[in-house]
Amino acid sequence: MKEALQMTAQEVMHSRHAVRRYVPGVSIPQAELQEILELAATAPSSWNLQHWRFLVVTEQENKKRLLPIAFNQQQVVDCSAVIIILGDLEANKSAEAVYRPMLESGAMSQQAYDTLLGNIASAYAGGPEGPRDEANRNAALAAMQLMLAAKAKGYDTCPMGGFDRVKIREELNIPDRFLPVMMITLGKAAAPAHKTSRFPLEQLVVMERFS
C-alpha cells in the first residue's frame, strides 16, 4: 500500500471505513491534527458562510467524561481525538465578515454586496427549519471532508450520531448558537473495519427522471 500522503483521492475514498476499535494511548501530533482540520475547513458551504465548528477533545480525562454521553461506546476513550462537529444556526451573522473584504477590495460591487446580504438575511428570517437544515447540511460536508483528510494522513475515523445532545451541551458548554451534528472519533485502528456491502449503481442512480 502507498504511504498515506501518496494515496490518490480514489484510494482514500475506497480505503476509508468506519473504525470502532482504536489503539489506546496514541497521540496525534498537533501539526497533523491542524492539517486535517484545515483540509476539512476547505469544504463547500451555502453562501460560503462556513457553518461548521470543530470542537476537539484530546485530553483523556475529558474523553472519559464523554463516555456516558456517548452511551458508553469505548471508541470515545480509546481514540486519539474526539471531534464534535457543530453546525452554526446563526451563520447569517458571518455574512459581513465573509463578504466585506471582497467589497472593500473591489472584487464585489456595493449592489451585489447588498443583494447578497439581503438574500441571506431573508433566508434566515423564515423560521428555525431553514437555519437548522443549513447547519446540518453544511456541517456534514465538512465532516466528510475531515474523514477523508484523516485517512489521507494515515488515521482512521468513525462518524457517530449516538450521543446525548443535551448532555454534551452541558458538559462542553456549547452555546445555543451551535448544533451538535455528529461526533467523529479519530485515531489508529486496532482492528480492521468490518466489511460492508454497497448497492450496485443501477439501484442508486436515476438518469434524468423517475419513470
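Helices (H or I, at least four residues) and strands (E, at least two) are runs assigned by DSSP, and they are numbered from the N terminus. This is a predicted model, in which local features need pLDDT of at least 70 and side-chain atom pairs count only at pLDDT 80 or more, while totals for chains, interfaces and linings use all residues. Residues are numbered from 1 along each chain as its sequence is written, and side-chain values use heavy atoms, with hydrogens and water left out.

## The sheet

In this structure 4 strands form an open sheet in the order E1-E2-E4-E3, with antiparallel pairing; two strands count as paired if DSSP finds at least two bridges between them. The edge strands are E1 and strand E3 (156-160), each of which pairs on one side only. From one strand to the next the twist averages 25°, where axes are lines fitted to C-alpha atoms, for helices over the stretch in contact, and angles run from 0 to 180 degrees between N-to-C directions.

As general background, strands of a sheet pair through backbone hydrogen bonds, either parallel or antiparallel. Here E1 and E2 run antiparallel and are joined by 6 bridges, and Trp52 stands opposite Gly87 in E2. E2 is also joined to strand E4 (residues 178-187), again antiparallel, by 8 bridges. Across this second pairing, Leu86 stands opposite Pro180 in E4, and the bridge partner of Asp88 in E4 is Phe178.

Strand E2 (residues 81-88) has 8 of its 8 residues buried, so it is largely enclosed by the rest of the structure; buried means under 20% relative accessible area, exposed means over 50%, and partly exposed lies in between (1.4 Å probe, protein chains only). Ala81, Ile83, Ile85 and Gly87 point one way from E2, whereas Val82, Ile84, Leu86 and Asp88 point the other way, and all are buried.

## Helices on the sheet

Helix H2 lies across E1, E2 and E4 and runs at about 160° to E1. H8 packs on the sheet as well, touching E1, E2 and E4, and its direction makes about 80° with that of E4; contact here means heavy atoms within 4.5 Å.

At the start of helix H8 (residues 165-172), a side-chain oxygen of Asp164 reaches to within 3.0 Å of the backbone nitrogen of Val166. Lys167 lies in H8 and is partly exposed, with a relative accessible area of 47%. Between the C-alpha atoms of Lys167 and Val98, which are 69 residues apart along the chain, the separation is 32 Å.

Helix H7 holds Asn138, which counts as buried at 2% relative accessibility. Leaving aside its neighbours within four places in sequence, Asn138 is in contact with Pro44, Ser45, Ser46, His51 and Trp52.

## Aromatic rings and charges

The structure holds 1 aromatic pair. The rings of Trp47 and Tyr124 have their centres 6.2 Å apart and their planes at 55°, so the pair is tilted; rings of Phe, Tyr and Trp (its six-membered ring) pair if their centres lie within 6.5 Å, and planes under 30 degrees apart count as stacked, over 60 as edge-to-face and the rest as tilted. This pair links distant parts of the chain, 77 residues apart, with Trp47 in the loop between helix H2 (30-40) and strand E1 (52-57) and Tyr124 in the loop between helix H6 (110-123) and helix H7 (129-152). Trp47 counts as partly exposed at 28% relative accessibility, whereas Tyr124 is buried, with a relative accessible area of 12%.

Charged side chains also sit over rings, which requires NZ of Lys or CZ of Arg to be within 6 Å of the ring centre and within 35 degrees of the ring normal. Arg165 lies over the face of Phe163, at 4.1 Å from the ring centre, and the charged end of Lys188 sits over the ring of Tyr155, 4.6 Å from its centre.

## Residues with positive phi

Most residues other than glycine have a negative phi, and most peptide bonds are trans. The table lists residues of this model with a positive phi.

| Residue | Phi | Place |
|---|---|---|
| Asn48 | about 60° | loop between H2 and E1 |
| Phe71 | about 55° | loop between helix H3 (60-69) and helix H4 (75-78) |
| Asn173 | near 55° | follows H8 |

Asn48 is partly exposed, with a relative accessible area of 38%, while Phe71 counts as exposed at 52% relative accessibility.

Terms used. Polar contact = N/O pair within 3.5 Å; in protein donor to acceptor, adjacent residues only side chain to side chain.
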